[in-house]
Amino acid sequence: MSTVSPHEGLAPSPWVLRWARLWAPGSRVLDVACGSGRHVRALAAAGHAVTGIDRDAEALAPLAGIAETIVADIESGPWPVTGRQFDAVVVTHYLW
């Protein structure tokens with residue numbers, strides 16, 4: 001199901017990085033519809049515990065070992081992190 005993301009290879013959003021500086025070190029961060037992980041990588045490198053969700057398993061595969069990844073279609077399936085809490089949630093360029 002993998003398609004080339006128009007955001008693949010792009011640097012993380014300056015807007016996301018600007019606000020991420022306000023999060024406590026080691027914050028638990030959820031990146032919804034993370035695609036190939038441009039924000040997952042940057043936030044994990046900054047020391048945050050990142051969970052990335054996307055429906056594209058192929059896009060998530062390179063993130064193994066960097067962050068927790070969850071393959072899920074959040075539009076037509078159950079919410080995959082029910083009962084879990086996060087300190088911050090990142091959602092960029094998500095269709096809906």
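1. W15 is exposed, at a relative accessible area of 57%. The model is a predicted one. W15 belongs to helix 1, which spans residues 14-20.

2. W15 does not stand alone at the surface. Together with W19 and L22, W15 makes a nonpolar surface patch of about 390 Å². Anyone setting up a calculation on this model may want to look at these three side chains.

3. Now S27. Is S27 buried or exposed? Its relative accessibility is 5%, so S27 counts as buried, the cut-off being under 20%. S27 sits in a loop, the one between helix 1 and strand 1 (28-32).

4. What lies around S27? A polar atom of the S27 side chain is 2.6 Å from the backbone oxygen of A24. Beyond neighbours within four places in sequence, S27 is in contact with H48, A49 and D87.

5. Helix 2 covers residues 38-45. Which of its residues are buried? They are R38, H39, V40, L43 and A44. An arginine and a histidine are thus listed beside V40, L43 and A44.

6. The cover over these buried helix 2 residues comes from several elements. Among them are helix 1 and strand 1. Strand 2 (49-54) and strand 4 (88-91) also contribute.

7. One backbone detail follows helix 2. G47, just after the helix, takes a positive phi of about 100°.

8. To recap: W15 is exposed and S27 is buried. W15 shares its nonpolar patch with W19 and L22. S27 has A24 at 2.6 Å, through the backbone oxygen of A24 and a polar side-chain atom of S27.

Note on methods
Residues are numbered from 1 along each chain as its sequence is written. This is a predicted model: local features need pLDDT of at least 70, side-chain atom pairs count only at pLDDT 80 or more; totals for chains, interfaces and linings use all residues. Side-chain values use heavy atoms; hydrogens and water are left out. Patches are made of residues with over 30% relative accessible area and no salt bridge: like charges are joined within 9 Å, nonpolar side chains (Val, Leu, Ile, Met, Phe, Trp, Tyr) within 5 Å. Accessible areas come from the Shrake-Rupley method with a 1.4 Å probe; for residues, only the protein chains shown count as cover. A salt bridge is a side-chain nitrogen of Lys or Arg within 4 Å of a carboxyl oxygen of Asp or Glu. Helices (H or I, at least four residues) and strands (E, at least two) are DSSP runs, numbered from the N terminus. Buried means under 20% relative accessible area, exposed over 50%, partly exposed in between (1.4 Å probe, protein chains only). A polar contact is a pair of N or O atoms within 3.5 Å; within protein, one must be able to donate a hydrogen and the other to accept it, and residues adjacent in sequence count only if both atoms are side-chain atoms. Contact means heavy atoms within 4.5 Å.
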